[in-house]
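The exercises below are to be worked with the sequence and the 3D structure at hand. Each task is followed by a solution in steps.

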Amino acid sequence: MALTARPRCGWLTGMRVAAVGDLHMRDAVRGRFRDAFLELAEHAEVLLLAGDLTNSGTLREAQLLCDEVRGLPVPVVGVLGNHDHDRRLGYRIAVLLSEIGVTMLDGDATTLEHKGFRLGIAGVMGGGGGFPCYPGTPGEGSPEHRERHRRGPVDALRLHAALDTLDCDMRIALTHFAPVVDTLRGEPPKIYAGLGCQELATAIDAGGAELAVHGHAHNGAEFGRTPGGVAVRNVSHTVIGAPYRVYELPR
Ligand SMILES: [Fe+2]
Ligand SMILES: [Fe+2]
């Protein structure tokens, strides 16, 4: 059963956005989300998937994921996570999802309309890169570690550009990596820099988003806010403890 949470006090009920990340689909959890997803129309107008959709980036896991989200009663919009790239098959996973009607974002955006309300969603995977008090060690470690640190700021620029393309009533930024440290609380601070970067928050603020949704921080916290005051929600499945969380946006 979905829980309902409001990003800001006082917002009027408008469009309802369901979101979950870190499904980590694999044989052991096959069917975990299906029944709840099939009932989505009662609770939301769209489902956002915040990356790490597969557990280790195999095409077998991608097919299991397709079985979870095929033919849902609401549009589904997603971004990939780092684990979806584990076998360098991330873009093939995205194609499989696209073929069953999921809108996969990677530096671009989509607009959904519901009863005259236009919701824009811009998405990137994002990356690490760190935060002012948690800079990490971007020049050290494995090539994958260094690549992850480089990708965060680059994807932040792509997110900002994608947000700028939207002509809509409200914008959501969808990422896998985190834009703030608020939603990392519970994770070891020494890994914060690998879980997200400040530049994503800068893009969210500058791009006029009203809500930012991410995953990746399995042991983090649900609620946060950018320096500019935008509500941030970590919807990692292990954080929300439900098949998805629903956020009501104002009309
Ligand atoms: Fe994950
Ligand atoms: Fe992840």
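**Exercise 1.** Determine how strand 7 and strand 8 run relative to each other and how many bridges join them.

Solution. The model is a predicted one. Strand 7 covers residues 117–123 and strand 8 covers residues 170–174; the two run parallel and are joined by five bridges. One residue pair to check is L119, whose bridge partner in strand 8 is M170.

**Exercise 2.** Place these strands in their sheet and find the edge strands.

Solution. The sheet is open and has six strands, in the order 6-7-8-9-11-10, with mixed pairing. Strand 6 (108–114) and strand 10 (223–225) each pair on one side only, and these are the edge strands. Direction ignored, neighbouring strands of the sheet are turned by 25° against each other on average. Helix 4 (residues 143–164) lies across strand 6, strand 7 and strand 8, and runs at about 160° to strand 7.

**Exercise 3.** Classify the site of the iron ion (ligand 1) from the angles among its donor atoms.

Solution. First list the donors: D22 (OD), H24 (NE2), D52 (OD) and H218 (NE2), at 2.0 to 2.2 Å. Their spacing in sequence is D-x1-H-x27-D-x165-H. Next take the angles among the four donor atoms, which span 92 to 164°. A tetrahedral site needs all angles between 85 and 135 degrees. The site is classed as irregular.

**Exercise 4.** Which residue bridges the iron ion (ligand 1) and the iron ion (ligand 2), and what does its pairing with D22 connect?

Solution. D52 is the bridging residue, and the two ions lie 3.5 Å apart. D22 sits in the loop between strand 2 (16–20) and helix 1 (34–38), and D52 in the loop between strand 3 (46–50) and helix 2 (59–69), so the pair ties together parts 30 residues apart in sequence. Both D22 and D52 are buried.

Technical notes: Residues numbered from 1 in each chain as written. Chains lettered and ligands numbered in written order. Predicted model: local features only at pLDDT ≥ 70, side-chain atom pairs only at ≥ 80, totals over all residues. Heavy atoms only, no water. Donors = N, O, S within 2.8 Å, 3.2 Å for Na, K, Ca; no water. Tetrahedral: all angles 85-135°; square planar, octahedral: opposite > 155°, others 65-115°. Helix = DSSP H or I, 4+ residues; strand = E, 2+ residues; numbered from the N terminus. Buried < 20%, exposed > 50% of the residue type's maximum accessible area, 1.4 Å probe, protein only. Pairing = 2+ DSSP bridges. Axes fitted to C-alpha atoms, helices over the stretch in contact; angles between N-to-C directions. Contact = heavy atoms within 4.5 Å.
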